[in-house]
Amino acid sequence: MLNFNRRNFFKMNKVLSCKDLINILDKNIIKHQILDNFEILDISSLTTKKNNSVLFLDKDTNISHNNFDSILIITNEEKVFLNNKFKNILYCKNLNESWNTIVNEIYSHEDSLNYKDEFILSNNSYISKDANIDKSAKIFSNCVIGKGVEIGKNCIIKNNVVIKNSIIKDNVIICDNTSIGTTGFGFDTNKRGSSFINPQIGIVIIDDNVHIGSSCTIDRAKIDYTYIGKNSMIDNLVHIAHNVIIGENACIAAQTGISGSVVIGNNVTIGGKAGFAGHIKVGDNVVIAALSGVTKNIKDNSIVAGFPAIDIKEWKKNLIRQRNYGH
Amino acid sequence: MLNFNRRNFFKMNKVLSCKDLINILDKNIIKHQILDNFEILDISSLTTKKNNSVLFLDKDTNISHNNFDSILIITNEEKVFLNNKFKNILYCKNLNESWNTIVNEIYSHEDSLNYKDEFILSNNSYISKDANIDKSAKIFSNCVIGKGVEIGKNCIIKNNVVIKNSIIKDNVIICDNTSIGTTGFGFDTNKRGSSFINPQIGIVIIDDNVHIGSSCTIDRAKIDYTYIGKNSMIDNLVHIAHNVIIGENACIAAQTGISGSVVIGNNVTIGGKAGFAGHIKVGDNVVIAALSGVTKNIKDNSIVAGFPAIDIKEWKKNLIRQRNYGH
Amino acid sequence: MLNFNRRNFFKMNKVLSCKDLINILDKNIIKHQILDNFEILDISSLTTKKNNSVLFLDKDTNISHNNFDSILIITNEEKVFLNNKFKNILYCKNLNESWNTIVNEIYSHEDSLNYKDEFILSNNSYISKDANIDKSAKIFSNCVIGKGVEIGKNCIIKNNVVIKNSIIKDNVIICDNTSIGTTGFGFDTNKRGSSFINPQIGIVIIDDNVHIGSSCTIDRAKIDYTYIGKNSMIDNLVHIAHNVIIGENACIAAQTGISGSVVIGNNVTIGGKAGFAGHIKVGDNVVIAALSGVTKNIKDNSIVAGFPAIDIKEWKKNLIRQRNYGH
């Protein structure tokens with residue numbers, strides 16, 4: 001896992017004490033067992049564990065209880081609470097609501113009214129005072145570069161590009177009207193509306209030598225990062241949702257959309273207008289034909305087409321059969 | 001129906017007298033019967049009738065002739081003219097051309113060269129002198145907020161957003177690079193070209209607590225309004241055409257496109273990359289799978305998939321049959 | 001073919017002598033036969049031949065050797081070299097690499113770090129000192145109009161529009177957040193990454209009376225131009241790739257994507273969300289249904305639907321057969 005300092009991007013409003021926590025979660029709490037002096041300084045995920053943090057668990061995963069002493073588990077599963085693995089644990093009714101309450105209390109982010117960022121108009125673009133842009137990078141006119149954003153060597157950020165909550169490594173080109181680091185589409189589907197959107201306090205990391213076309217949208221992660229691997233080529237109007245991980249050397253043609261938490265291997269080629277269901281895995285060296293709808297994991301070295309996407313030879317056979325049938 | 005004052009958004013160039021009207025329509029007129037002192041102050045639709053207005057009718061609908069005394073009917077259907085229901089009526093050759101001629105004469109709008117709007121650069125965004133933004137709302141950098149636009153309490157309008165011809169209610173969040181209130185795609189398909197685009201003099205109304213993602217486009221209505229209901233969640237790169245009405249609690253995933261005049265009920269969930277034919281109705285509590293192409297009305301509580309979209313169970317059966325056939 | 005002066009858009013860094021050429025291509029050269037005093041002043045294509053230019057040939061086309069005396073052929077096909085048709089010819093290992101080396105040496109363009117353009121903030125938009133905008137044209141706020149761009153009479157360029165490397169003729173309307181003249185998606189698929197993107201030194205030409213919606217992306221050509229014919233109507237979120245040629249009176253609905261080098265005839269109507277494979281030809285008066293995936297050339301006067309797109313009657317019959325089968 002790559003590291004980043006969340007507080008560069010999201011101002012910490014306060015350190016949450018155990019007492020604060022119980023106070024704000026209030027009736028959402030069923031039971032809890034937390035050391036009195038526990039303090040919350042960050043949020044953990046299963047892949048990135050931090051000391052003095054909260055980890056939200058919606059199922060009884062196989063994680064060992066080692067290294068969890070300095071982490072407070074919050075769960076809506078009684079089983080997780082009862083198995084007595086964790087030193088600090090809170091069992092609540094609605095995990096989604098707990099996330100919103102806690103994260104909104106600790107951090108300010110661009111979907112909260114208390115969010116602040118100060119800009120300087122520099123070469124026709126608004127650059128945050130708290131952005132860190134290499135001198136060799138070029139920022140064209142009408143961009144907005146937000147708080148905490150890092151832009152590496154020899155990057156070219158073209159016109160009307162918005163970059164927030166992101167780390168852009170070296171030699172990256174981002175074309176006109178693209179938005180990087182936007183808010184992921186996360187909410188409890190039973191409680192809709194912008195007031196209930198899950199605060200997204202992860203970032204986007206774009207690795208060296210990536211090319212991103214025009215009018216793309218790349219959402220920042222909920223906790224960790226959305227990642228685009230080295231040397232990847234992304235065409236226009238591509239949507240990449242929160243928590244997506246894309247390997248090296250990807251080629252993604254125009255108008256493709258990749259749903260949340262999809263993981264894509266190295267050297268993958270994706271035709272135009274392809275779509276992906278959330279949370280699936282695509283192996284290395286995969287080719288996905290244009291207009292595919294990928295609904296399941298795809299093995300290394302596969303070539304798939306259609307909706308639902310299947311082996312391209314099978315897909316072609318099906319087409320011929322369907323057309324011949326009845327003639 | 002909700003109310004709005006068209007003149008807040010579209011400057012009225014002149015009040016059209018009966019004489020003016022006959023003069024500008026000229027050879028497009030076949031017959032007419034209009035009180036000499038009739039004056040045109042606004043445009044009506046079948047759902048929003050206004051005094052001293054024009055109503056364009058392209059077929060002999062079942063509307064009663066009551067309450068039409070102060071309205072001038074313009075039609076290209078001889079039958080409508082002959083049935084003698086209306087006190088003020090004009091029968092023309094080309095209704096589309098009449099619309100263009102009359103509306104362009106009365107109103108200035110952003111597709112006409114005489115359109116004007118004066119802006120102040122305020123906190124890094126261009127805000128029209130004639131916009132009305134609540135003090136609690138936050139407008140990020142590089143936005144354009146046009147004439148007549150209202151933005152309610154606690155709204156967050158992120159970077160490079162363009163809002164024109166729209167009323168945004170309270171607690172709405174609009175993400176980067178989105179365009180609201182843009183020109184609907186309306187024209188006589190036999191007479192193409194930007195000079196012949198139908199002036200669109202309706203607006204967009206976005207109700208409380210809606211969340212709209214990045215790089216979306218929401219077109220304003222031709223006469224009344226395009227409407228997004230309370231608590232609706234809209235992902236990135238979604239297109240919503242003119243006159244679309246979406247109920248409360250909608251959830252619309254990325255890259256979906258909704259064609260003109262579609263009406264969608266409450267609590268509807270739409271997967272990514274779905275498409276809709278124009279003028280269809282989708283009931284309440286409907287779920288539309290990703291990549292669907294919806295071509296017909298959908299009943300309440302349905303779950304549909306595929307193109308053309310059908311009941312999802314039927315769609316799955318078809319898939320299995322197609323794959324088994326011939327094996 | 002229409003003419004344009006490449007140097008208006010792309011600054012020429014230097015005239016390349018024969019010696020320079022051999023020096024920069026270096027080990028990529030297999031054999032060559034070039035007059036010593038040959039100088040490179042421009043790049044040719046098979047359709048636009050210029051004196052003292054380079055023409056890249058990846059196959060042994062049937063071109064006659066006439067009129068090629070002042071052109072240097074660069075090829076990766078031994079056959080082309082051996083057939084001895086051309087006075088000046090260079091046979092290289094990797095043609096793609098030759099393109100990148102030569103074009104990057106001669107021209108500066110927006111994907112190179114040495115690219116420069118100077119802007120004036122005029123009426124709330126950044127206009128290049130080297131743009132040429134008719135006085136009757138209206139540019140709204142937050143636009144960027146780049147070097148060499150020409151904008152004709154009575155054009156309306158709405159908010160946050162980016163236009164670079166383009167000629168816009170008269171009466172064109174371009175809506176909010178659209179990007180014109182962006183970098184085409186061209187690279188050697190075996191050598192990915194922004195450092196290896198093929199420099200695109202063509203332009204976009206948009207002919208009279210075209211209407212382009214919001215958040216569209218129209219990429220400039222590699223050598224010549226991407227072209228949109230007179231009176232064409234383009235809806236929102238449409239992607240048009242490099243080298244595409246679209247005839248007069250096109251109507252293209254929202255979210256359609258047209259891949260590189262597609263040629264579309266006159267009077268073509270394309271439904272929403274249609275996709276096109278690269279390099280295909282679509283005849284005159286064709287209608288392409290919404291959600292089609294067009295994979296092959298389409299004859300004049302056809303109506304097609306589906307993916308792969310076929311005659312719409314056949315497509316409808318197939319649908320019925322598939323649904324009836326097994327019932």
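Does N154(B) count as buried, exposed or partly exposed, and how many C-beta neighbours does N154(B) have inside 10 Å? N154(B) has 18 such neighbours, so N154(B) counts as partly exposed. The rule is that a residue is buried if 20 or more other C-beta atoms lie within 10 Å of its own, exposed if 12 or fewer, and partly exposed in between, with C-beta atoms placed from the backbone.

Before going on, some housekeeping. What you see is a predicted model, in which local features need pLDDT of at least 70 and side-chain atom pairs count only at pLDDT 80 or more, while totals for chains, interfaces and linings use all residues. Residues are numbered from 1 along each chain as its sequence is written, and chains are lettered from A and ligands numbered from 1 in the order in which they are written.

Now chain A on its own. Chain A has five helices and 35 strands; helices (H or I, at least four residues) and strands (E, at least two) are DSSP runs, numbered from the N terminus. The C-alpha trace spans about 70 × 60 × 35 Å along the principal axes of chain A. The radius of gyration of chain A is 22 Å, which agrees with the value near 20 Å for a compact globule of 327 residues. That radius is taken over C-alpha atoms, and the globule rule is 2.2 Å times the number of residues to the power 0.38. Of the 327 residues of chain A, 54% count as buried.

Next, contacts. Two residues are in contact if their C-beta atoms, placed from the backbone, lie within 7 Å. Among the contacts in chain A with a separation of 6 or more, 28% are between residues 24 or more positions apart.

The domain assignment splits chain A into domain 1 (6–106) and domain 2 (119–317); such bounds come from an automatic or database domain assignment. The C-alpha centres of these two domains of chain A lie 29 Å apart. Where they meet, 13 residues of domain 1 of chain A are in contact with eleven residues of domain 2 of chain A. On the domain 1 side, helix 1 (6–9) and helix 4 (95–106) of chain A each supply at least two residues. Helix 4 of chain A gives the largest share of that side, five residues. By class, the domain 1 side has five nonpolar residues, seven polar and one charged. Here Ala, Val, Leu, Ile, Met, Phe, Trp, Tyr, Cys and Pro count as nonpolar, Asp, Glu, Lys and Arg as charged, and the others, Gly among them, as polar.

On to the other chains. How is chain A placed on chain B? A rotation of 120° with 0.0 Å of shift along its axis superposes chain A on chain B, with an RMSD of 0.0 Å. The two copies are therefore related as by a three-fold rotation axis. Superposition is by least squares on the C-alpha atoms of residues with pLDDT of at least 70 in both copies.

Between these two chains, 36 residues of chain A are in contact with 39 residues of chain B. Strand 18 (179–182) and helix 5 (312–324) of chain A each supply at least two residues of the chain A side, and helix 5 of chain A has the largest share, three residues. That side of chain A holds twelve nonpolar, 20 polar and four charged residues.

Some single residues now. In the largest nonpolar core, of 299 residues, I145(C) is one of the residues that touch the most other members. Such a core is a set of buried Ala, Val, Leu, Ile, Met, Phe, Trp, Tyr and Cys residues joined through C-beta atoms within 7 Å. Leaving out residues up to four places away in sequence, I145(C) touches seven named here as S125(C), I127(C), S128(C), A131(C), I133(C), I139(C) and I163(C).

Last, the backbone. Most residues other than glycine have a negative phi, and most peptide bonds are trans. N154(B), from the opening, has a positive phi of about 60° although it is not a glycine, and lies in the loop between strand 13 (150–151) and strand 14 (156–157) of chain B. N171(B) also has a positive phi of about 60°, but N171(B) counts as buried, with 23 C-beta neighbours inside 10 Å. Finally, a cis peptide bond joins F307(B) and P308(B), with omega about -5°.
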